[in-house]
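Let's walk through this one together, starting with the parts to treat with care and ending at the ligand.

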Amino acid sequence: MHKPIPSGGEVDLKRRQAVKALGLSALGGGLGFGASRAALPGPDVLVLGAGLAGLAAARQLAAAGALPLVLEARERPGGRTFTRFDLPDRAEFGAVEIGDSYARIHALAGVCGLEIAPMKGSRPTGLTLHVNGQTLAADDWPESPANPLAGTERQVLPNRLEAHYLASDIPLPRAADWDLPTMRSDDRSITAELRARGASEESLRLVNVAGNHNHSDAMSVLRWWRSALLFSQETGVGRLVAGTGALARCMAAELGSAVRYGSVVTAISSENGFAKVRLTNGAEFRAPRCICTLPLPALRKVRLKLPLDATLRRVISEAAYTQVTVALFDADPFWEEDGLATAMWTDSPLERLFPRTHAETGECIGFKAFVNGAGAAALDDLDEATFKDLALATFAKIRPSSAGRVRYLARHSWGADPFAGGAYAAWPPGQVAQWRAAVRRPAGPIHFAGEHTAAAPGLEGAIRSGEDAAEALLQAAAS
Ligand SMILES: Cc1cc2nc3c(=O)[nH]c(=O)nc-3n(C[C@H](O)[C@H](O)[C@H](O)COP(=O)(O)OP(=O)(O)OC[C@H]3O[C@@H](n4cnc5c(N)ncnc54)[C@H](O)[C@@H]3O)c2cc1C
């Protein structure tokens, strides 16, 4: 058993204040919590989604004395955190890395009794490349005939080309400024910025093999600079030893029956100032307020009868998310035979391969393929048998010593996942300031939270966005 998790932020509303603030008088004829609570059929706040943002919002509300109800489509908490607890490495289909700056994640993990171990030791040293049909150690890249680049670009590893051009002369004063209107003149595509800084067409091709985007044409360079500044400020990176999903489990356990799994939201409306939410099974819920943390592609499938402004409507209907497909493989130690590093960067269908290490022994037990963008979408079109054949044939080609020594386990496509639609919001060039402002504005009784609204990165951003939305909601209702 863990101790109750302290809530973050500055919310210090007492139970009675929260009841008043949330307009329960309108719902229950002036009734409050305590003895009268039993007379009230509904929750105070509907929270849509039990990812880290939704769980954090619900906890914050509960800490302020309100009664949240979390509606979650899946049969598990955590959303884009997704640990395979049954595997000896507790493999992650979703988020892994926790920056030292992730203060809320560290605090929550501490209270849950979950250890965050530095990733330094478990990170592979060295890199093997497979480019233009040749497999080689990264050190041999500058001189290799497989290297299609010329001049100074030849010295740069393909996975470092973006950083080579973009990591210096960053015009953002601070990472947090990336979505301010003052940055509009720098809001161009990664491709445009790379070209302006002298990148060759061949380097652009390599950038698009396994970049953290669908395509460098479609992602704002402001998003790239924001991540670069955030990473440069990190003193270290860790991972939850029990699996990232263990944190979501812990937070959800605290909320108990306030989280309802298998609840697929199909419509959200506002009626007489109340939020009304309908599920696929026809069940309906009403509450004075609602916090929606659904990723934008998932929200696109929901019927919305809300006072949304034109920009927000456009963002919901058009926003693209980075397509990511992750596949897991077991392997016998073929790398001892060829002597090459386990971690790989390739222009093959498996793109990037990361070693999976046993949680107790630290031994490499297999690989995780991490495929982005068009490559992910192409794999998603394949049925299991075809995917397995392609993956194993690819292994044999890029590491001949692996033939017959790799076994396919499982894959997860975030792009094809109906409750995600991708790994993270891919902000298009020219829209960042407008779109980011739009996704953060409340619409009637609905407040928005989640990775796409967050100021902080990844997991930390999700938690803080949920807590901030809860706080904003309480304060707005009180004023
Ligand atoms: C492959 C991958 C790797 C990542 N790596 C890292 C990393 O190393 N470090 C890091 O900090 N971050 C990483 N991230 C990002 C991080 O996982 C996310 O930013 C964070 O988990 C998002 O949390 P969220 O609550 O905003 O969204 P989600 O976790 O997506 O939660 C939204 C919830 O809404 C639910 N939902 C959707 N539609 C409906 C519906 N119709 N009805 C009811 N419920 C619905 C979903 O099931 C989900 O549980 C990674 C993400 C991915 C996918």
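Over which residues, beyond 8-16, does pLDDT stay under 50? That happens over residues 24-40, for which the model has 21 contacts beyond four places in sequence. Here pLDDT is the predictor's confidence in each residue, from 0 to 100, and two residues are in contact if their C-beta atoms, placed from the backbone, lie within 7 Å. Residues 8-16 also stay under 50, again with 21 such contacts. Bear in mind that this is a predicted model, where local features need pLDDT of at least 70, side-chain atom pairs count only at pLDDT 80 or more, and totals for chains, interfaces and linings use all residues. Residues are numbered from 1 along each chain as its sequence is written. Across the chain, mean pLDDT is 91, and 90% of residues reach 70 or more.

Now for the build. You'll find 16 helices and 21 strands in the chain, taken as DSSP runs numbered from the N terminus (helices H or I, at least four residues; strands E, at least two).

Take one helix pair: H3 and H9 (residues 244-255) pack at about 35°, with axes 10 Å apart. Axes are lines fitted to C-alpha atoms over the stretch in contact, and angles run from 0 to 180 degrees between N-to-C directions. H3 brings Leu52, Leu55, Ala58, Arg59 and Ala62 to the contact, and H9 brings Ala248, Met251, Ala252, Glu254 and Leu255. Eight of these residues are nonpolar, none polar and two charged (nonpolar means Ala, Val, Leu, Ile, Met, Phe, Trp, Tyr, Cys and Pro; charged means Asp, Glu, Lys and Arg; the others, Gly among them, are polar).

Finally, the ligand. The shell around the ligand has 24 nonpolar, ten polar and five charged residues.
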